[in-house]
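Student: I've got a structure open and I'd like to practise reasoning from numbers to labels. Can we go through it together?

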Amino acid sequence: MDEQTALRAVDFIMSHSSEVEEITIGFYGGEPFLEFELIKKVVQYVKELYPEKKVRFNLTTNMTLVSDEIIEYIIKNNIEVMISIDGPESVQDKYRVFAGGQGSYAKVAQNVSKLCEKDAEYYRKCMTNTVLSPGCDCEAVRDFLDHDELFSPLTSMVTQVNDVGLKEQIEYDDSYYKMMRREKFKLFLAMLGEIEFDKVSKVARQHMATILQTYQMLKTNGTDGLKISHPGGPCVPGKKRVFVDVDGNFYPCERISEYENFQIGNLDEGFDYDRIRNMLNVGKCTRKECLDCWAFLYCGTCIANMTEEGTATKAMRMRRCPGEKNVLISQLSDVEIMKHYGFDFMQMEEEK
Ligand code: SF4
């Protein structure tokens with residue numbers, strides 16, 4: 001992205017968020033540090049032109065290009081960093097390799113150590129993002145996230161491979177499901193006060209937020225809440241976030257930012273409300289099937305989940321539908337299990 005586009009994007013977000021107390025500007029790649037000079041210009045521009053606005057900056061990096069200068073800069077400017085690391089050396093070097101084929105673990109660990117040594121307090125606020133690939137040694141990844149001296153102190157996000165736009169659904173083997181079930185069971189025990197939370201693996205801890213969100217969703221969308229709904233997905237495009245590409249085009253999020261069909265405006269013309277409306281009403285294409293569906297009030301299928309070769313299709317929506325229902329059944333049963341065994345959701349809400 002050129003400097004002018006980046007700064008215009010900043011001006012756009014500022015002029016469209018005057019009622020919002022705090023905003024976050026995220027730098028996306030590939031690898032954002034390939035454009036370190038541009039990042040510096042954007043941060044400086046924001047600080048000089050919008051000193052009254054609370055702004056957080058974040059980025060996700062593979063940590064391979066991080067120099068001493070970059071380390072000093074991100075600490076000084078309190079840039080929130082998410083480190084991509086897929087597991088111990090044996091796993092990372094299989095899935096994250098340099099152009100020449102050599103594994104990246106040693107380089108990443110070396111740079112992360114430097115960051116930690118430079119400012120341990122800042123380092124503790126960084127996060128890791130781990131993608132569990134089908135067929136990977138997931139128990140080795142779990143042990144690494146829970147016990148590695150360098151990485152285990154950080155909060156971890158653990159995700160599956162992003163399957164947006166893929167024709168085939170990604171399939172994980174039994175070892176993945178066995179491990180996740182075991183760790184989720186430990187999470188249940190911890191939520192019920194039977195074991196300490198630090199006995200729960202980091203691969204399962206984020207699931208607690210999902211259980212709480214499902215409980216909330218049951219309250220607002222369930223039979224006691226909304227009577228009217230439409231399954232168009234969880235977000236209103238452009239309302240809480242907007243992704244700006246190198247040419248200044250807007251998209252609802254990074255997951256579908258490579259498809260022209262999903263543009264929702266640009267820096268020259270602003271938001272395209274007709275496109276946003278169409279995107280919001282994307283569930284219309286399966287109106288008949290959805291109106292007969294038990295999951296109607298809870299369905300989170302958004303345009304990203306029904307994308308096939310750059311277009312949102314009814315066929316793809318229906319192909320994904322059984323998987324969506326299975327996820328929902330599992331989430332609803334988690335809430336019911338926790339209620340049955342006496343987990344106090346009300347108290348948890350009050351404490352939040
Ligand atoms: S689960 Fe499938 S049929 Fe049910 S509301 Fe969602 S998309 Fe429609």
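Student: How many residues does H13 have, and how far does H13 reach from its first C-alpha to its last?

Tutor: Keep in mind that this is a predicted model. H13 has 27 residues and reaches 38 Å from the first C-alpha to the last, close to the 39 Å expected at 1.5 Å a residue.

Student: Where in H13 does a kink lie?

Tutor: At cysteine 321, shortly before proline 322, with a kink of about 40 degrees. Cys321 is also one of the buried residues of H13, and others include Arg317, Gln331 and Met338. Just after H13 comes glycine 342, with a positive phi of about 90 degrees.

Student: What makes the phi of methionine 63 worth pointing out?

Tutor: Phi there is near 65 degrees, a positive value in a residue other than glycine. You'll find methionine 63 in the loop between strand E2 (54-61) and helix H3 (68-76).

Student: Why is methionine 63 called buried?

Tutor: Count the C-beta neighbours inside 10 Å: methionine 63 has 23. The cut-off for buried is 20 or more, so methionine 63 counts as buried.

Student: And glutamate 309, buried or exposed?

Tutor: Same recipe. Glutamate 309 has 10 C-beta neighbours inside 10 Å, and 12 or fewer means exposed, so glutamate 309 counts as exposed. Glutamate 309 sits in the loop between strand E10 (307-308) and strand E11 (311-312), and has a positive phi of about 50 degrees although it is not a glycine.

Student: How do you know that glutamate 194 is exposed?

Tutor: Glutamate 194 has 11 C-beta neighbours inside 10 Å. With the limit at 12 or fewer, glutamate 194 therefore counts as exposed. Its place is in the loop between helix H8 (174-191) and helix H9 (202-205).

Student: What about proline 252, buried or exposed?

Tutor: Proline 252 has 27 C-beta neighbours inside 10 Å. Buried needs 20 or more, so proline 252 counts as buried. This proline lies in the loop between strand E7 (250-251) and strand E8 (265-266).

Student: Which residues is proline 252 in contact with, leaving aside its neighbours within four places in sequence?

Tutor: Cys235, Pro237, Gly238, Phe262, Ile264 and Met279. The C-alpha atoms of proline 252 and valine 236 are separated by 8.2 Å, with the two residues 16 apart along the chain.

Student: Which residues touch the most other members of the largest nonpolar core?

Tutor: Ile83, Leu132 and Val141, out of 39 residues in that core. Among the elements that each supply at least two residues of this core are H3, strand E3 (80-84) and H13. Valine 141 touches Gly87, Val91, Thr130, Leu132 and Cys136, not counting residues up to four places away in sequence.

Student: How do H7 and H8 pack?

Tutor: At an angle of about 35 degrees, with their axes 9 Å apart. Cys138, Glu139 and Arg142 in H7 meet Ser175, Tyr176 and Met179 in H8. By class, that contact has three nonpolar, one polar and two charged residues.

Student: Last one: what kind of peptide bond joins glycine 29 and glycine 30?

Tutor: A cis one, with omega about 10 degrees. Glycine 30 has its place in the loop between strand E1 (22-27) and helix H2 (36-49).

Methods. Residues numbered from 1 in each chain as written. Predicted model: local features only at pLDDT ≥ 70, side-chain atom pairs only at ≥ 80, totals over all residues. Helix = DSSP H or I, 4+ residues; strand = E, 2+ residues; numbered from the N terminus. Core = buried A, V, L, I, M, F, W, Y, C linked by C-beta atoms within 7 Å. Contact = placed C-beta atoms within 7 Å. Axes fitted to C-alpha atoms, helices over the stretch in contact; angles between N-to-C directions. Nonpolar A, V, L, I, M, F, W, Y, C, P; charged D, E, K, R; others polar. Expected span 1.5 Å × (residues − 1). Bend = angle between axes of the 7 residues up to and from the residue.
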